[in-house]
Amino acid sequence: MTDPFFAALRERRPDVDIVILPPADPPEPLPEATADQLSQSAQVVAATVAAIAARMPEPTSDGPRWEPYNSENVRRWAQLEARTADGDVILGGLDQAFRDARWHSGVAAKAFHRWTASRADVQIVGTWSERHHRLVVTVTGQILRPPANVREALA
């Protein structure tokens with residue numbers, strides 16, 4: 001190896017084999033979404049947002065709305081925010097409620113409290129800062145590729 005980085009790495013770690021893989025093939029484009037799939041995604045995100053908002057004290061909301069995911073795809077997105085001293089309790093309650101509804105859900109408490117929940121068609125990330133008493137929950141729907149004329153209307 002003539003590259004200085006890999007030469008230094010090989011010298012420091014002779015027990016490690018260095019393998020350089022070729023670039024991965026780009027992913028296949030998603031199939032074009034139907035009007036029903038777009039409607040279903042909007043409904044799922046709206047229902048999820050409503051379920052979360054019902055457990056938050058006076059939440060403010062941004063969305064739900066369509067957001068571009070890349071040049072051809074979109075996803076439904078919403079964010080809820082509230083000021084509360086009980087964010088850890090709220091996230092714990094949300095975690096239990098979503099587990100009971102058979103979602104993949106979990107809470108971790110490190111520098112801040114973080115709740116994640118997901119299923120095939122929607123993902124949730126919630127954070128609470130004890131220091132700032134700020135609870136933020138973001139809900140995103142699945143990534144879809146609408147027809148070009150629909151994508152322009154959603155933007």
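**Exercise 1. Strand partners in the sheet**

Which residue of S6 does Gln-79 stand opposite? Place this pair in the sheet, and then describe the sheet as a whole.

*Solution.* Before starting, note that this is a predicted model, in which local features need pLDDT of at least 70, side-chain atom pairs count only at pLDDT 80 or more, and totals for chains, interfaces and linings use all residues. Residues are numbered from 1 along each chain as its sequence is written, and side-chain values use heavy atoms, with hydrogens and water left out.

Step 1. The residue of S6 that stands opposite Gln-79 is Thr-138. Helices (H or I, at least four residues) and strands (E, at least two) are DSSP runs, numbered from the N terminus.

Step 2. S2 and S6 run antiparallel and are joined by seven bridges, where two strands are said to pair if DSSP finds at least two bridges between them. Strands of a sheet pair through backbone hydrogen bonds, either parallel or antiparallel.

Step 3. The open sheet consists of six strands in the order S1-S2-S6-S5-S4-S3, and the pairing is antiparallel. Its edge strands are S1 and strand S3 (104-109), each of which pairs on one side only. From one strand to the next, the twist averages 10 degrees.

Step 4. Other pairings can be described in the same manner. S1 and S2 run antiparallel with seven bridges, a hairpin joins them through five residues, and Glu-67 has Arg-75 in S2 as its bridge partner. S5 and S6, also antiparallel, are joined by eight bridges, and Gln-123 stands opposite Thr-140 in S6.

**Exercise 2. A polar contact in strand S6**

Is Thr-138 buried or exposed, and which side chain does its own side chain join in a polar contact?

*Solution.* Step 1. Thr-138 is found in strand S6. Its relative accessibility is 17%, so Thr-138 counts as buried, given that buried means under 20% relative accessible area, exposed over 50%, and partly exposed in between (1.4 Å probe, protein chains only).

Step 2. The side chains of Thr-138 and Gln-79 are joined by a polar contact of 2.9 Å. A polar contact is a pair of N or O atoms within 3.5 Å; within protein, one must be able to donate a hydrogen and the other to accept it, and residues adjacent in sequence count only if both atoms are side-chain atoms.

Step 3. Leaving aside neighbours within four places in sequence, Thr-138 is in contact with several residues, including Trp-77, Gln-123 and Val-125, where contact means heavy atoms within 4.5 Å.

**Exercise 3. The nonpolar core**

How many residues does the largest nonpolar core have? Follow one of its residues, Val-137, in detail.

*Solution.* Step 1. The largest nonpolar core has 21 residues, and among those with the most contacts inside it are Ile-52, Trp-115 and Val-137. Such a core is a set of buried Ala, Val, Leu, Ile, Met, Phe, Trp, Tyr and Cys residues joined through side-chain atoms within 4.5 Å.

Step 2. Elements that give two or more residues to this core include helix H2 (35-53), helix H3 (87-100) and strand S6 (134-141). A second, separate core of six residues includes Ala-33, Ala-42, Trp-66 and Val-74.

Step 3. Val-137 lies in strand S6 and, at 0% relative accessibility, is buried. Leaving aside neighbours within four places in sequence, Val-137 is in contact with residues including Ile-52, Met-56, Trp-115 and Ile-124.

Step 4. H2 lies across S1, S2, S4, S5 and S6, and runs at about 160 degrees to S6. Axes are lines fitted to C-alpha atoms, for helices over the stretch in contact, and angles run from 0 to 180 degrees between N-to-C directions.

**Exercise 4. Aromatic rings**

How many aromatic pairs does the structure hold? Classify each pair.

*Solution.* Step 1. The structure holds two aromatic pairs. Rings of Phe, Tyr and Trp (its six-membered ring) pair if their centres lie within 6.5 Å; planes under 30 degrees apart count as stacked, over 60 as edge-to-face and the rest as tilted.

Step 2. The ring centres of Phe-98 and Trp-103 are 4.8 Å apart and the planes are at 80 degrees, so this pair is edge-to-face. Both Phe-98 and Trp-103 are buried.

Step 3. Phe-98 and Trp-115 also form an edge-to-face pair, with 5.2 Å centre to centre and 65 degrees between the planes. Because Phe-98 lies in helix H3 and Trp-115 in strand S4, this pair ties together parts that are 17 residues apart in sequence.

Step 4. Ring pairs thus link Phe-98, Trp-103 and Trp-115 into a cluster.
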